[in-house]
Amino acid sequence: MVSISKITADGQTPIPPEVIQALQIQPEDVIAWEISEDGSARVYRVQAFDWTYLKALESTLTEWQSAADEAAYDNL
């Protein structure tokens, strides 16, 4: 399935109804964008449990956010 929507000047876009239906998205749901090296993107609905877990995990990983860390672990 291919759905098309236009990006606004603010960088926003409506989610096409068929995508909302396919992903079973409802108001207040969270979606994630996964960008591949080839420039393609995958969007999916994040489960509530996953979102809570990721937010909790994020706060423990602040020591790995420096440019030096990115350079050191870039090729892993």
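Trainee: What share of the 76 residues in the protein chain is buried?

Mentor: In this predicted model, buried residues make up 8% of the 76 in the protein chain. To be called buried, a residue needs a relative accessible area under 20%.

Trainee: What makes Gln24 count as exposed?

Mentor: Set its value against the cut-off: exposed means over 50%. Gln24 has 55% relative accessibility, so it counts as exposed.

Trainee: And why is Glu28 called exposed?

Mentor: The reasoning runs along similar lines. Glu28 has a relative accessible area of 78%, and the cut-off is over 50%, so the word exposed applies.

Trainee: Where do Gln24 and Glu28 lie?

Mentor: Gln24 sits in the loop between α1 and β1, and Glu28 is in the loop between α1 and β1 as well. Their backbone angles are worth a look too. Gln24 is not a glycine, yet its phi is positive, at about 55 degrees. Glu28, also not a glycine, has a positive phi of about 80 degrees.

Trainee: Which helices and strands should I look for, and in what pattern?

Mentor: Along the sequence you will meet α-β-β-α-α. That gives the protein chain three helices and two strands.

Trainee: Why is the protein chain described as more spread out than a compact globule?

Mentor: Compare two values. For 76 residues the globule rule gives 11 Å, while the radius of gyration of the protein chain is 16 Å, well over that, so the chain is more spread out than a compact globule. Along its principal axes, the C-alpha trace spans about 40 × 30 × 25 Å.

Trainee: What percentage of contacts between residues at least 6 apart in sequence join residues at least 24 apart?

Mentor: That figure is 0% for the protein chain.

Trainee: How much of the accessible surface belongs to carbon and sulfur atoms?

Mentor: They account for 55% of an accessible surface of about 6900 Å².

Trainee: Now the pocket. What is the volume of the largest pocket, and which residues are closest to its centre?

Mentor: Its volume is about 260 Å³. Of the 15 residues lining the largest pocket, Ser3, Pro16, Val19, Trp33 and Val43 are the closest to its centre. Both α1 (17–23) and β1 (30–35) supply at least two residues each to that lining.

Trainee: How many residues of each class does the lining of the largest pocket have?

Mentor: Twelve are nonpolar, three are polar and none is charged. Val, Trp and Pro count as nonpolar, so Pro16, Val19, Trp33 and Val43 belong to that class.

Notes:
Residues are numbered from 1 along each chain as its sequence is written. This is a predicted model: local features need pLDDT of at least 70, side-chain atom pairs count only at pLDDT 80 or more; totals for chains, interfaces and linings use all residues. Side-chain values use heavy atoms; hydrogens and water are left out. On a 1 Å grid over the protein atoms alone, a cavity is a set of points where a 1.4 Å probe fits but cannot get out, and a pocket is an open set with protein on both sides within 12 Å along at least five of seven lines; lining residues have an atom within 4 Å of a point. Grid points are joined across faces, edges and corners, and a volume is the space filled by probe spheres set on the points. Helices (H or I, at least four residues) and strands (E, at least two) are DSSP runs, numbered from the N terminus. The radius of gyration is taken over C-alpha atoms; the globule rule is 2.2 Å times the number of residues to the power 0.38. Buried means under 20% relative accessible area, exposed over 50%, partly exposed in between (1.4 Å probe, protein chains only). Contact means heavy atoms within 4.5 Å. Accessible areas come from the Shrake-Rupley method with a 1.4 Å probe; for residues, only the protein chains shown count as cover.
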